[in-house]
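Work through the exercises below with the sequence and the 3D view open. Each task is followed by a solution in steps.

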Amino acid sequence: MSYLTKNYNRKNIAFIKGKGSYLFSNKGKKYLDFVQGIAVNSLGHAHPELIKALNKQSKKLWHVSNSFVIPEGEKLAKKIAKNTFADFVMFQNSGAEATEAAIKVAKRYFYSIGKPNKNRILCIKNSFHGRTLAAIYASGSKKMTEGFGPKVSGFDHFNFGDHRSLKKLITKNTAAVMVETIMGEGGIKVVPDWCLKGLRKLCNKKNVLLILDEVQCGIGRTGDFFAFEKSKVKPDIVPIAKGIGGGFPIGAVLMNKKVASGMTSGTHGSTFGGNPLAMQIGNTVFDIIFKKGFLNNVKKNSDYFLQELIKIKDKYPKIIKEVRGRGFLIGLQLYSDQTEFIKKLMDKKLLTIRAAENVVRILPPLNVKKFELTQAIKIINKVCSIY
Ligand SMILES: Cc1ncc(COP(=O)(O)O)c(C=O)c1O
């Protein structure tokens, strides 16, 4: 009997230890973990530098209120500002909080410049921005919003790739367009660089803010710190979470100076967001990802992995329809439901997770070793051969 609510469809397996790319079950079995807490453990399990940072900070100070200066948070915000498009950072605890706060930042900016009616947010239908009330209505998913009425208003939706309706739906009341640079839960659908560029231009022309949700695809997962970097586009607001904490709950909203001007004292807050313990870990994750060669290694290893996956697709064209994604945010789109395929991978000790459109989502840690990728390729090949 479990006393936990039944809102998760949990697999009947528990893990008691993790090390790098591996998880160890309570039945003594070792698994190659290419879920990594859904892109959370960016540096794998039990990274020695993260353990050191956690231990050290835990003996000094865990938590103080945001009513006081938190030097560890100041430090991380400065690093982010010096290395990205952002001028200011607002720390949260999770992805949904970060996307919801991003929406608040956009609305508040227009309010602060005397345009309170410019408050609608345009999103992609069936996208994913988290599970709070505003976030589910931002996602525009029938399944996620069912039973949670009345509807949170202020969101409009266009279909992925439908540029005509995107243009049509921007009105004088639109405050921002919010999209995931790469749709994660939606099936690893990449917004191409030329679309990002066009979107930025359109937003400029219509005086609309651009919010790029990098909760899943950011923090080095694509081989760049942000998935949008290759496009050279500068968004106004970027919610992040997952990978920046390496397993510790951290979220943040990054923004430029213009929109940050609306976030005056008392406009937003969080009890836990940006506490010293979280910030010490965030700083350590950030420093490791920004070490010379780290992101290049992600690019090199993920290129190898992607090429090998494409070879498998070519060998089994009746099973795998498409290899999607970029870097270590990868989807194998199957022709049929992926449940059995994921189960078979798990039987062979490779953990993966589903995404929409029959996609098997593969999320290795960013510091995965090449032989571990080769091991995964062997398992995927094997499962295709018996599928
Ligand atoms: C793109 C995106 N935004 C927001 C979220 C919500 O994050 P969290 O589950 O930490 O609230 C997720 C989670 O998967 C996500 O993928």
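**Exercise 1. Three loop residues**

N126 sits in the loop between β5 (120–124) and α5 (133–139). Helices (H or I, at least four residues) and strands (E, at least two) are DSSP runs, numbered from the N terminus. The model is a predicted one: local features need pLDDT of at least 70, side-chain atom pairs count only at pLDDT 80 or more, and totals for chains, interfaces and linings use all residues. Residue numbers start from 1 along each chain as its sequence is written.

Task: Is N126 buried or exposed? Then treat I219 and S94 in the same manner.

Solution.
Step 1. The criterion: a residue is buried if 20 or more other C-beta atoms lie within 10 Å of its own, exposed if 12 or fewer, and partly exposed in between, with C-beta atoms placed from the backbone.
Step 2. N126 counts as buried because it has 20 C-beta neighbours inside 10 Å. Its phi is near 60°, a positive value in a residue other than glycine.
Step 3. I219 belongs to the loop between β10 (209–213) and β11. The phi of I219 is also positive, near 60°, and the residue is not glycine. It has 25 C-beta neighbours inside 10 Å and therefore counts as buried.
Step 4. S94 is found in the loop between β4 (88–92) and α4. Its 22 C-beta neighbours inside 10 Å are why S94 counts as buried.

**Exercise 2. The surroundings of S94**

Task: Which residues does S94 touch, not counting residues up to four places away in sequence?

Solution.
Step 1. Contact is taken as C-beta atoms, placed from the backbone, lying within 7 Å.
Step 2. By that rule, S94 touches A241, P249 and G251.
Step 3. For a C-alpha distance, take I250: 156 residues separate it from S94 in sequence, while the two are 5.5 Å apart in space.

**Exercise 3. The largest nonpolar core**

Task: Which residues of the largest nonpolar core touch the most other members?

Solution.
Step 1. A nonpolar core is a set of buried Ala, Val, Leu, Ile, Met, Phe, Trp, Tyr and Cys residues joined through C-beta atoms within 7 Å.
Step 2. The largest one holds 110 residues, and A106 and L209 touch the most other members.
Step 3. Helix α4 (residues 95–112) supplies the largest share of this core, 9 residues.
Step 4. At least three core residues come from each of domain 1 (15–47 + 294–386) and domain 2 (49–289), with bounds taken from an automatic or database domain assignment.
Step 5. Beyond four places in sequence, the contacts of L209 are A106, Y109, A175, A176, C203, D236, I237 and V259.

**Exercise 4. Helix α10**

Task: What span should the 14 residues of helix α10 have, and what distance separates its end C-alpha atoms?

Solution.
Step 1. The expected span is 1.5 Å times one less than the number of residues.
Step 2. For α10 (residues 276–289) this gives 20 Å, and the end C-alpha atoms are 20 Å apart, so the two agree.
Step 3. The buried residues of α10 are A278, M279, Q280, I281, G282, T284, V285, F286 and I289.
Step 4. These pack against α2 (48–60), α3 (71–83) and α11.

**Exercise 5. Two open sheets**

Task: Which strands stand at the edges of the sheet β13-β14-β17-β16? Repeat for β1-β2-β3-β15.

Solution.
Step 1. Two strands pair if DSSP finds at least two bridges between them.
Step 2. The 4 strands β13-β14-β17-β16 form an open sheet with antiparallel pairing. Its edge strands are β13 (320–326) and β16 (353–355), each paired on one side only. From one strand to the next, the twist averages 30°.
Step 3. Helix α11 (residues 294–315) packs on this sheet, touching β13 and β14, and its direction makes about 170° with that of β13. Axes here are lines fitted to C-alpha atoms, for helices over the stretch in contact, and angles run from 0 to 180 degrees between N-to-C directions.
Step 4. β13 and β14 (residues 329–334) pair over 6 bridges, with I320 opposite L334.
Step 5. The sheet β1-β2-β3-β15 is open too, and its pairing is mixed. β1 (15–19) and β15 (350–351) each have a single partner strand, so one side of each lacks a neighbour in the sheet.
Step 6. β3 (residues 30–33) and β15 pair in the parallel sense over 2 bridges; L32 has L350 as its bridge partner.

How values were computed:
Two residues are in contact if their C-beta atoms, placed from the backbone, lie within 7 Å.
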